[in-house]
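Trainee: I am new to this structure and would like a close look at a single part of it. Please start once it is in view.

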Amino acid sequence: MDYLGWDQVEAGAVLPSFDEVKGDIALLKQAERDYAPTNSYTASVADWRVFKPVFNRDLCIDCQNCWVFCPDTAIIAVDKKMVGIDYEHCKGCGVCVDVCPTNQKSLLMFDENEDNDRALQNWPEKIKKEK
Amino acid sequence: MAEKLKLQEVEVWDGNMAFAQAMRQAQIDVVAAYPITPSTPTVHGYAKFLSDGYIDGEFVLVESEHAAMSGCVGAAAAGGRVATATSSQGFALMVEVLYQAAGMRLPIVLALVNRALASPLNVNGDHSDMYLGRDAGWIMIDAFNAQEAYDLMLMGFKIAEDLSVRLPVMINQDGFITSHTAQNVRPLQDEEAYEFIGEYQSVNPMLDFSHPVTYGAQTEEDWHFEFKARQHKALMDSKACIQEVFESFKTVTAREYNIVESYEMDDAQIAIVALGSTVESAVFAARKLREEGIKAGVVAPRLLRPFPYEAIKDALKDVKAIATLDRSSPGGALGMLYNEISAALYQGDNRPIINNYIYGLGGRDMTQENIMEIFRDIKKNADAGKLVTPLQQFSGLRGPKLSFF
């Protein structure tokens with residue numbers, strides 16, 4: 001992001017959300033919106049994270065629980081289909097994994113340095129319920 | 001539209017009524033206020049006008065002054081004309097939010113009736129609260145009597161809301177001395193007053209849903225400095241707008257205001273710089289001394305923030321000695337007026353001897369006799385051409401003489 005000089009910033013530290021609003025913003029998908037350069041959507045907060053969630057498409061049932069519960073809209077879902085994690089905004093809180101109802105879990109926390117493909121290959125087995 | 005109130009050509013109002021009437025005529029959208037002595041009658045009067053049908057706006061009852069200013073910030077960000085009134089401890093409680101209002105460039109107008117800060121508890125007038133607000137980024141204007149409180153309150157809205165300024169404005173008047181003593185005040189009629197202030201123009205209102213904006217976001221080192229620089233520049237440049245508003249007010253009322261007021265200064269050799277109701281006492285004292293052949297004058301900054309350095313330098317360009325009178329507990333330093341006046345003159349050709357007097361704390365009377373004593377004191381410095389009296393003295397204090405440096 002280009003930094004603006006003092007004479008270019010909006011007076012009163014007002015941050016416009018969007019550069020230009022075309023029609024009803026609520027009807028535009030998150031990824032298709034024209035964000036203003038000062039909008040927090042364009043700033044990364046990825047360096048807060050220690051552990052990251054990894055998403056496994058093969059196990060997901062598109063229940064949207066993670067999308068609903070994510071405190072920072074870091075779950076990318078398009079037309080009620082899970083697509084993955086927005087790693088620019090995910091802070092690694094693990095709430096999505098907690099609320100994921102499938103067995104095996106379709107979202108799991110891995111070390112931030114773990115490679116995603118390797119994580120998917122080493123996905124843990126289904127947990128056997130104790131009787 | 002609210003009902004109009006027919007005013008006499010000359011009304012007998014105290015300073016609080018002057019504030020309340022000006023607020024009524026401004027047709028404010030939202031007033032969020034919490035009562036505190038000695039500014040209670042301002043909001044009391046305003047609430048009475050509202051209940052009697054003379055005001056259309058909202059009056060928000062809140063649980064503290066912190067909430068009052070917070071409500072004002074919210075309402076101003078939403079896009080309305082907003083004002084409140086307070087004093088002393090209430091003002092101190094507002095301080096956190098004062099910075100928010102200035103940083104968000106919201107044109108809120110605050111009627112501040114000056115009073116001492118505890119402890120010890122004291123409801124009487126001094127300038128401690130005024131001084132507490134001086135770095136908050138607000139435009140600060142001082143009224144010396146009830147007429148000026150009314151006039152400056154009207155002008156306060158026009159200044160704050162000017163699109164080149166867009167900063168909050170506080171209008172100060174002395175607690176009790178000005179706020180509770182009735183005087184003749186010449187008001188404008190309602191329509192004339194409203195026409196002078198003009199319709200409110202909102203900028204980036206939060207209630208404009210087609211242009212969503214964020215107010216008061218976290219900026220850290222990435223942006224904070226730039227926003228603050230922009231705010232400071234707007235405050236420094238606001239002097240031009242303030243001067244313009246003073247001039248347009250003069251064309252309407254023939255009453256003249258300047259960012260620095262000078263009295264008896266044409267040939268003055270010694271001068272007092274003071275604020276508030278003390279200015280008028282000092283003018284009387286100066287005139288009495290002139291009968292004895294002492295060329296005394298008075299300079300009073302009408303504008304405290306942004307501080308009018310150039311105009312101060314100009315007003316004091318010929319004097320030999322100056323007494324700066326601070327009505328606030330100095331808190332381990334020379335008084336604010338001493339520091340600012342020194343700064344204004346240090347770069348100039350005239351470098352007079354400057355003294356600092358602390359006086360009138362907690363409502364202690366400042367008599368003409370006290371002021372004449374100060375004038376006679378600094379005349380010794382002017383005659384000697386050097387500092388022969390202590391740099392900082394307490395005037396009107398019981399007990400042994402107290403001075404520093």
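Does B:Gln27 count as buried or exposed at its relative accessibility? Please go on from there to the surroundings in chain B, and then to the spaces in the model.

Mentor: This is a predicted model. B:Gln27 counts as buried, because its relative accessibility is 16% and the cut-off for buried is under 20%. The residue sits in the loop between α1 (15-25) and β2 of chain B. Its phi is near 50°, a positive value in a residue that is not glycine.

A residue of chain A can be set beside it. A:Asp79 also has a positive phi, about 50°, without being a glycine. A:Asp79 lies in the loop between β3 and β4 (81-85) of chain A. A:Asp79 is exposed, because its relative accessible area is 58% and exposed means over 50%.

Back in chain B, β2 (30-33) is followed by a loop that leads to α2 (40-51), and B:Pro38 has its place in that loop. The peptide bond from B:Thr37 to B:Pro38 is cis, with omega near -5°. A cis peptide bond also joins B:Ser119 to B:Pro120, with omega about 0°. B:Pro120 is in the loop between β5 and α5 (128-132) of chain B.

Strand β5 (residues 109-114) of chain B leads on to β7(B), since the two pair in the parallel sense over six bridges. One of the bridge partners is B:Val169 in β7(B), which is matched with B:Val109. Strand β6 (residues 139-142) of chain B runs parallel to β7(B) too, joined by four bridges. Here B:Ile141 has B:Ile171 of β7(B) as its bridge partner.

Strand β7 (residues 169-174) of chain B is largely enclosed by the rest of the structure, because six of its six residues are buried. In a regular strand, side chains alternate between the two faces of the sheet. In β7(B), B:Val169, B:Ile171 and B:Gln173 point one way, while B:Met170, B:Asn172 and B:Asp174 point the other way, and all are buried.

Further along chain B there is an open sheet of seven strands with mixed pairing, in the order β10-β12-β11-β14-β15-β16-β17. Its edge strands are β10 (260-263) and β17 (403-404) of chain B, each of which pairs on one side only. β10(B) pairs with strand β12 (residues 296-301) of chain B in the antiparallel sense, over four bridges. B:Val260 has B:Pro301 in β12(B) as its bridge partner.

Two helices lie across strands of this sheet. Helix α9 (residues 278-291) of chain B lies across β10, β11 (270-273), β12, β14 (321-326) and β15 (353-359) of chain B, and runs at about 165° to β12(B). Helix α11 (residues 336-346) of chain B lies across β11, β12, β14 and β15 of chain B, and runs at about 145° to β14(B).

Now the spaces. Rolling a probe the size of a water molecule over the atoms shows where empty space is left. The largest pocket holds about 840 Å³ of space. It is lined by 31 residues, and those nearest its centre are A:Asn39, A:Ser40, A:Ala43, A:Val45 and B:Gln218. β1 (15-16) of chain A and α8 (220-253) of chain B each supply at least two residues of this lining. The largest share, three residues, comes from α8(B). By class, the lining of the largest pocket has 12 nonpolar, 12 polar and seven charged residues.

The second largest pocket has a volume of about 530 Å³. Nearest the centre of this pocket, among its 19 lining residues, are A:Gln30, A:Trp67, A:Ile75, A:Ala77 and A:Val78. Strand β3 (residues 75-78) of chain A gives the most to the lining of the second largest pocket, with four residues.

There are also two cavities of 30 Å³ or more. The largest cavity has a volume of about 90 Å³. It is lined by 13 residues, and the closest to its centre are A:Cys60, A:Cys63, A:Cys66, A:Cys100 and A:Ser106. The second largest cavity holds about 40 Å³ of space. Its lining is made of A:Ala11, A:Gly12, A:Ala13, B:Gly103, B:Arg105, B:Phe227, B:Arg230 and B:Gln231. α8(B) gives the most to the lining of the second largest cavity, with three residues.

Methods: Residues numbered from 1 in each chain as written. Chains lettered and ligands numbered in written order. Predicted model: local features only at pLDDT ≥ 70, side-chain atom pairs only at ≥ 80, totals over all residues. Heavy atoms only, no water. 1 Å grid on protein atoms, 1.4 Å probe; cavity = no way out; pocket = protein on both sides within 12 Å on 5 of 7 lines; lining within 4 Å. Points joined across faces, edges and corners; volume = space filled by probe spheres on them. Nonpolar A, V, L, I, M, F, W, Y, C, P; charged D, E, K, R; others polar. Pairing = 2+ DSSP bridges. Contact = heavy atoms within 4.5 Å. Axes fitted to C-alpha atoms, helices over the stretch in contact; angles between N-to-C directions. Buried < 20%, exposed > 50% of the residue type's maximum accessible area, 1.4 Å probe, protein only.
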